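Student: Please take a close look at one chain of this model, and then set it against the rest of the assembly. I would like to know which parts can be read in detail and what they show.

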Amino acid sequence: MRRIPPLFRLAVLGSAASVLLTGCLGSSDSGSGDQDTSRNADAKKVELVIGANSVKGGKNAAGAEFTEDVLIPKFVEAQKAKGVDVTVKFQGDGSDDEVYKQKLALGLSNKTGPDLINVDGIWVGEFAQAGYLKPLSDTVGDAAKVDGWDGWKQIPDSVQQLGMFDGKRYGVPGGTDGRVLYFNKKLFAQAGLPADWQPKSWDDVTAAGQALKKLPGVTPIQINAGTAMGEATTMQGILPLLVGTGATINADGKWLGNTPQLRQVLDFYKSIYGTGLGDPVLQREAKGRDKSFAQFAANKIGILLEGDYFWRSVVEPKAGVAKMADRDTAVGYALIPANRPGGGVKGQDFVSMSGGGATAINPNTKFPQQAWELLEFMNSAEMVKAGLNGAAKITQRTDVNAEVLAGDPMLNFVATKVLPLTQYRPGLAEYPRVSAALQQATADVIGGKSTDAAAKGYQTAVEAAAGSKDKVTSN
Amino acid sequence: MATPPESVPVPPVPGRPARVRGPAQDVAGLGIGRAVGFLAPALLLIGAFLVFPAIWTIYIGITNYRLTGVEAVSPSIVGLSNYTRALNDALFHNALWLTLLFVLGSAIIGQNILGFALAWTMRRARPAVRRTVEALVLLAWILPSTVVAYLWIAFFDRDTGTLNSILGTQGTAWLIDYPMVCLVLFNTWRGTAFSMMLYSSALQAVPPSQLESARMVGASGWQTLRDIVFPHIRGHVLTNTLLISLWTANDFSPFLLTKGGPNHESETVPVYIYNVALQGGELGYSSAISFLLLIANLLVALLYLRLLRRRS
Amino acid sequence: MTPAFVVRRIGFYTVICAITLFFAVPMLWIASAPFDASPGLGVRWPDWTLENFRKTLSHPYALHSMVNSLLICITTAVAVTAFAALASYALSRVRIPGRDALLYGLLLLSSVVTGTAAMVPIFVMMFQLGLIDSRFGVALVMTGGLLPAAIFILKDFVDAVPKSYEESARVFGASTLQILRDVVLPVARPGLATILVWAFVNSWGNFLVPFLLIRSIDKQPGAVLLQTFTDEGGSANLSVIPVFSLLFSIPVVVLYLLVNSRYGFRFHGGIKS
Amino acid sequence: MAGIDIEGLATVYPNGVRAVDGLDLTVADGEFFALLGPSGCGKTTLLRTIAGLESATEGTVRIDSADVTRLEPGKRGVAMVFQDYALFPHMTVSENITYPLKVRRVAPSTRAEVAERTSGELSLHGLLERRPGQLSGGQQQRVALARAIASEGKVLLLDEPLSNLDARLRLEARTFLKKLQKDLGITTVFVTHDQAEALALADRIAVMQDGKLRQLGSPREVFARPSNTFVANFIGSTPMNLVPGVVSASSIDGRPVDGGSNGSAVGAVSLAGGSLPAATASAPAGAEVTVGIRPEYLTLSTRDVSGPSLRGSVVVAENLGTMSLVSVDCDGTLIGVTVPEEDEPAPGTPVVLTASAQRVLLYDKESGELLARQPAVVG
C-alpha cells in the first residue's frame, strides 16, 4: 500500500471537519415555521416527553414526583377516555440551572429535545431570540385555541409576563414567588425593637441594624452580595433595592448603567458591610446562602432579605433545611421599603421582585396539538392544586391561591400584598451578563472599592454585555 | 516433530535499485501498513472528539456565537476582537496570573517536590510504612473528583471544618480568606501520586554503586541528590514537570471547590473559560480564551523540548 | 547509634507522619459522615447509624446510576486500553513517518481544554450519529478524550519492553499476530492494567459529557446523579451525599487494589527521543 | 545441516551508517564461527542480518545454498540466542523451550517430549516449571540455548552468549558451550567482543572493524599472525608490543637466523635502541615500519647474548598467575615481555630481550597492514 503519513491524514480529517463545523453554527432556517402545525393532530398513538430540571430523590424532587406519579397517569387516563393512546415520559435532570440550560439549548438548536420544556422565566427571551422557542400560537397554529384557554383569566397579568417575550406568549407560567424582609422577633425583642416591625425607608432598616448590632454574636443584616451566590445576589439583594430607588434594570429597551440610582444601591451596601452591620465573609462563600439560612435559624441573623421559599422550605418547622420549631412566633416579615416613602418604582412605598418558571412547547414536537392539550391539562386548577400536594405555595392561578393559601398568613401576605407590588426580571439574552456585572459591583464595594469606581466598572461591563453604549442609560 | 520450514529461494525483484526490500524493519514484522492500521482507531476517535472540537473552538473564537439569543441564530465573524478583548480583560489577566500561581505552587513545587521526597524516602522505608503511605497518596489520586471536592469543602469548612478543629481556629473561612493557598494544598494532595510513582521508577535507574561512592566520599544528602541522583533523572524531572504543569494549568477541579470565588480570587483560566461560557453564555469569547490557553500549552511544551534537547 | 543518627531517624519519622496525616485527614470525612446520624460538613466521631445507607439505597436512581457508571466506564477503560495499546505499540516499534510530531501532538492534546464550547460540535456529531441518550456514545466521547494521554503513557511502557522478546519469537517463526498475542500482550500486562485503571478512574468522575449527551435519568451515571442530590431547598443533601460518595468510590478503589496486587500499579517516564 | 554464504553484504541504517559494509564470508557446515570486534564494529548487525532482523541493503545471504536475503526471520531456519536471553518472563521454562514448536502448531505431547529431552541435554532437570525470574544467570542461559536447540534451526546464532554471566560461570559455560556445539554439530555463529572467548571457542574467527572484515582465520592464525595492527592490538590478553622501527639490514651475516626453512630472507629491524631479527623479504632496508611482537614471544635474559637484541632495564613486573608480565624500558620505549613467574627479575635489573625472526612481524607504517606475506610458520 502507498504510505500516507498520519499527519496528512489528520489534516484531511481536519479540513473535512472544518467543512462540517460551519454547519454547527446557527442555521438560518429558524425552525418549524414552515411545518404543518396540524401534523399528527388525529394520531391515535401519541408520545410526549416533559423535560424539567427536577428529579426524584434529588433536585426539586416534589415536582418530579408529581409529574411522574400524578400528572402523567391522569393525563394518560383522560386521553384514553378520548380513544387516544398517549405515552408521556418525564425527562428529569437535577443539575445547576446554567448546565441544564446548556443542555436544553443544545437539544433545541438541533431541533430535538423534550416536547414540553420547563424553563426559567428569564430564559424565554433568549430562547425566543435564538428561534429555539416560538410563540404558542405559532406552534399550535391556532391563535384562538391558545388565547381562548380559560386558564389565562386566572393568571394575573404580572405573572403572565414570566412566559412572555415581546408581547407574545411563549409558555404558561408555573408558580411564582415574592421577596420580603424577614426578621427574628426574639432578637428584635432583645434589641428593644417591635414585633410588628415595618420599615418605611432604608434608614429604618439600618437603624434597626444598629440596634441589633449591640447583641453579641449577631449579624444584624444579611442582604446578599458578591459573585459567589450568583443570581441570589441579584434577586435577593440588588434588584429589590434598585426598584426601591425608582429604577428598573431594563427600561425602554435600555439597560441601567452608572446612574444615581445604582450608586444609591451601592452606597447602601457599603453602609451595611462597611459598618459591621453585615458579615462580609458570608457574601464571598460559595455556600454562603445556605450558611445564612443556618445562621438565621440559629438566631444569629437579625434581618434577612429572602423570598417566600425561605418561609416554606428553609425555616419550615418540620421538613425545612434549617428548621425553626418556633417559626410561626419567632419569624417576622415585612414589606421591603423603597429608599424613602414613595421613592420606589411607579412611586410605590414598598417594592419586591419575583421570579418563576414557565412551560413552553418545543416547536419541533411531533405532536403540537397534543402537547398543547397536555400543557392546558398541566395548568388546570385541578392539576395545579394537586401539584401542591397539600403544601402551601404561591401558584400562578389566583383561584388556586385563594383556596390553598388561606391557612398560611405569610404566603397569603405575599400573594395579596407583595405580588401587586412586584417586578420581574427582563427575559433578555443579555440579562445574565448584566446580572453578573451587578454582582461584581457589589463585590467591589464590599471589597473596599469606592462606589464611584465600582459603578464605573459596572458601566463598562454593561456596555460590553449590551453590545453598545446606546443600549445603556447613564448619567 | 515438525521439520523446519524449507527455505525458498526468492527471485530477485527486477528494477529495484540500491535498496533491496527485506523483511519488515520493525521487531515484530508489523510493517508500516499494519502500523497505520493499529493507529487508525485511536486517531479516528481523537480526531472526532478532540481535534474536530478543537478546530471548531478555534473557529468560533473569531465569532460572537452564543448558545442562546440572537447570536445563536446568526453569529457574525468578529475577527480578532475576542482576542483584543482578552488582552485588555482584567479578569483574564487575573485568571492567567492565578493559573501561573496555581501551576507554580501545586505542580512545579508542590507535587514535584513532595512526589520526589516520597519516592526518595520510601525507597528505604519499611515495607509496611511504604505500603501505607503509598496507598494513601494513591487513594487521593484515584478518588472521583466530585467526591474529592466534598472532602475538601468539609476539610476547609468555616464552622465545623476539620482544619479549624485541628488548628483551633473556628470561624476561619479558609476557602474565602486564602482561596489560592487552599487550591494549591488541594491540588498538591490530589496529584502527588503521579510524581511519586514516576520518580520511584526513575530512582530505580540510579546505580546504587554511585550512591554508595557518594557516601564514601562523605557527600551530604543534598550533595548526593544534586550530583548523583539529579543528573540521572533529569529527563524524568522534565517529563514529569511538563505533564503535571500542563494538567494543572488545564485542571477544572478548582471550580468544584470555590467556583472561582470569592470575587474571582481563585478563578484560574479553565474556571474563567467555564464561567464565561456558561454563566455569561459567550461561547465565542470563551473559545478565544481556550485557544490562548492552548497556545500557552504549546509554548510550555516547546520550552520543554528545548530543555530536553540540551540534555543530549 | 550516634545521637545524630537518632535525631535523623526521629526527624524522618516525624516528616513521614506529617505527610501521612496530610493525605489521610481530608479523607476522614468519607469515613465518618456516612455513618453519622446528622452528617455535616466536618469530621467528628459519628453518632453511629446505618439510616443514611437505607436512605441512599432506597433512592430511586442510586443503584441504577452505579450500574450505568460501571457500563460506561468499563467500556471506556477497555476501549482506551485496547486502542492505546495498538497505537502505542505501533508508535514504539515502527518508524512511521512523522511519528515524533504525532507524539508531541498527542501530548498537547492530552491536556487540551476543549471545555464547554467543544460540547457543541460533539453534541451535533453524536446527534447526527444517533448516539444521543446512549451510554455507548458517552463512552466513545470519553475514550476520544483520554486516548492521547493513554497512548503517551503506554508508549513509555512499551518502549521499556526489551525488543529481543519479539525478535526472538520472530526468529522462531512466530507470525505478527502470534508475537502480539503470546509475547507482547502478556509482557505489557502491567502497563495495560495501569492504563485500564487510569482510564477507569478518569471516566468515573466525568460529569459534563454524560450529563449533556444522556437524556433519561435512568441512564445517567453516578457522577451526574451525585450533582442532583439536593434537598427541596436546593442545598446539598448531606444524608445521601456522604454514603453515595463512599459507595461511588468503592469500585475505583477495588479496581485499583486488584490491579495493584496482581501487576503493581506504576509508571515509567522519560520521553526517549 | 548447512553452511552460510555471505556475498557483498551491506546493511545501512536509515541514518546512513553502514553498519555492515560490503562483506564476503563463508561459514562451513558444522563450523563454530566467531564474529569478533569492538563494540560498534557491526558484528551484531551482521548476525542480525543473517537472522533477518535487519534487512540487507546490498548483497545476499545464503543458508544451505538457498537465498534467504529477503525472507522473514522465521522462514530462514535459524535459531538465535539473544544477549539478554529474551526468555519470556510470563512463561515457564518448559513453555519457553517449546515456544518455537508451539508456533509451528506441534502437538502438546510432542512438545512435552522435546522439553524433557532438551532440558536433559542442557542439565535443566527439575526446572521445567519455574519461571525465568527464578533462575540463576547460568540456568537462564541454558534455557535460552535449549529453546534455540528445540527450534531445530539449521543454523544457530548466538549474540554475546556469555557476556551476561559472571567471570567464574563464564569459563564453565564456555566449556559447556563448546562441547554442546561439537555434540550437536550444528553450524553456529556467535558474536563476541571478548577475544579470549573467541580464541577459546571458535573454529574460525572473523575480526571486524567499522563494518569491514579485518581478518579471517583460525584462532592460532589471528593470534600469531594478526594481519594488521588493528587485529594485533585487539587479540591477546596481554597487548602486543607495537613499536616504530627501521629495516636495518636485509640479512644478517648473510645467512638465515633460524627457522628460515622456507628460504625467506631474514634480516634485522632496528627499534628501541636495539635490533631484532625479522623476515624482511617485503621490506627493503631503510624502510620505516611498525614492529609487532607479542610479549609471549620475547625471551628475557639477564646475561648478555649475541645477535640482534634489545637492551633495557626492568621497570615493573605484573603477576599473571603462572607467568609475569615484565615491562622493560628499552631506550625510552616500554616493551612488554612474559616470563615464568620464577624468573621474574627485580625492578632495575638490566636485561636483554631476544626473539626469533618469524615472531617478529612487520607492519606498514601507514596502513598498518602486515608486510611479510609469507605463510604462517605455525601450524
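**Chain D, and the chains around it**

Tutor: Start with a stretch to treat with reserve: across residues 374–379 of chain D the pLDDT stays under 50, and the model has eleven contacts beyond four places in sequence for this stretch. This is a predicted model, and where pLDDT is low, the predicted coordinates should not be read in detail. Chain D as a whole has a mean pLDDT of 82, with 92% of its residues at 70 or more. A further stretch of chain D, residues 253–263, has pLDDT below 50 and 14 contacts in the model beyond near neighbours in sequence. For the model overall, the scores are ipTM 0.76 and pTM 0.80.

Now the strands at the N-terminal end of chain D. Strand β1 of chain D (residues 4–12) pairs with strand β2 of chain D (residues 18–27) through six bridges, in the antiparallel sense. One point of register is D:Asp5, whose bridge partner in β2(D) is D:Thr26. The two strands form a hairpin, with five residues between β1(D) and β2(D). In that turn, D:Gly16 has a positive phi of about 95°. β1(D) also pairs with strand β4 of chain D (residues 58–63): these two run antiparallel and are joined by five bridges. Here D:Ile6 can serve as the marker, since its bridge partner in β4(D) is D:Val61. Pairing of this kind has a common basis: strands of a sheet pair through backbone hydrogen bonds, either parallel or antiparallel.

Further along chain D is a pair of helices. Helix α2 of chain D (residues 93–103) and helix α4 of chain D (residues 137–150) have axes that come within 7 Å and cross at roughly 25°. Because of that angle, α2(D) counts as roughly parallel to α4(D). The crossing of α2(D) past α4(D) is right-handed. On the α2(D) side the contact is made by D:Val93, D:Asn96, D:Ile97, D:Thr98, D:Tyr99, D:Pro100 and D:Leu101, which meet D:Val143, D:Ala146, D:Arg147 and D:Ala150 in α4(D). By class, the residues of this contact are eight nonpolar, two polar and one charged.

Next, the setting. Chain D has no contact with chain A, and the closest C-alpha atoms of the two chains lie 17 Å apart. Five pairs of chains do touch, and among these the most contacts are between chains B and C. In that contact, 80 residues come from chain C and 77 residues from chain B. The side of chain C that touches chain B consists of 54 nonpolar, 19 polar and seven charged residues.

Chain B also touches chain A, with 34 residues of chain B in contact with 37 residues of chain A. On the chain B side, the elements giving two or more residues are α1 (31–60), α2 (70–73) and α13 (269–279) of chain B. The largest share, twelve residues, is from α1(B). This side of chain B divides into 20 nonpolar, twelve polar and two charged residues.

Chain A can be read against chain D. The mean pLDDT of chain A is 86, and 92% of its residues reach 70 or more. Its elements range from helix α1 of chain A (residues 6–21), with the lowest mean pLDDT (45), to strand β13 of chain A (residues 336–337), with the highest (96). Over residues 1–23 of chain A the pLDDT stays under 50, with 30 contacts in the model beyond four places in sequence. Residues 26–33 of chain A also have pLDDT below 50, with 13 contacts beyond near neighbours in sequence.

Chain A contains an open sheet of four strands in the order β8-β11-β7-β12, with mixed pairing. β8 (219–222) and β12 (331–334) of chain A are at the edges with a single partner strand each, so one side of each has no neighbour in the sheet. Neighbouring strands of the sheet are turned by 25° against each other on average, direction ignored. Strand β7 of chain A (residues 179–184) runs antiparallel to β12(A), joined by four bridges. Within that pair, the bridge partner of A:Tyr182 is A:Tyr333 in β12(A). Helix α12 of chain A (residues 288–297) lies across β7, β8 and β11 (301–307) of chain A, and runs at about 130° to β11(A).

How values were computed. Residues numbered from 1 in each chain as written. Chains lettered and ligands numbered in written order. Predicted model: local features only at pLDDT ≥ 70, side-chain atom pairs only at ≥ 80, totals over all residues. Contact = placed C-beta atoms within 7 Å. Nonpolar A, V, L, I, M, F, W, Y, C, P; charged D, E, K, R; others polar. Axes fitted to C-alpha atoms, helices over the stretch in contact; angles between N-to-C directions. Parallel < 35°, antiparallel > 145°, perpendicular 65-115°, else oblique. Left-handed = near helix turned anticlockwise from the far one by under 90°. Pairing = 2+ DSSP bridges. pLDDT = per-residue confidence, 0-100.
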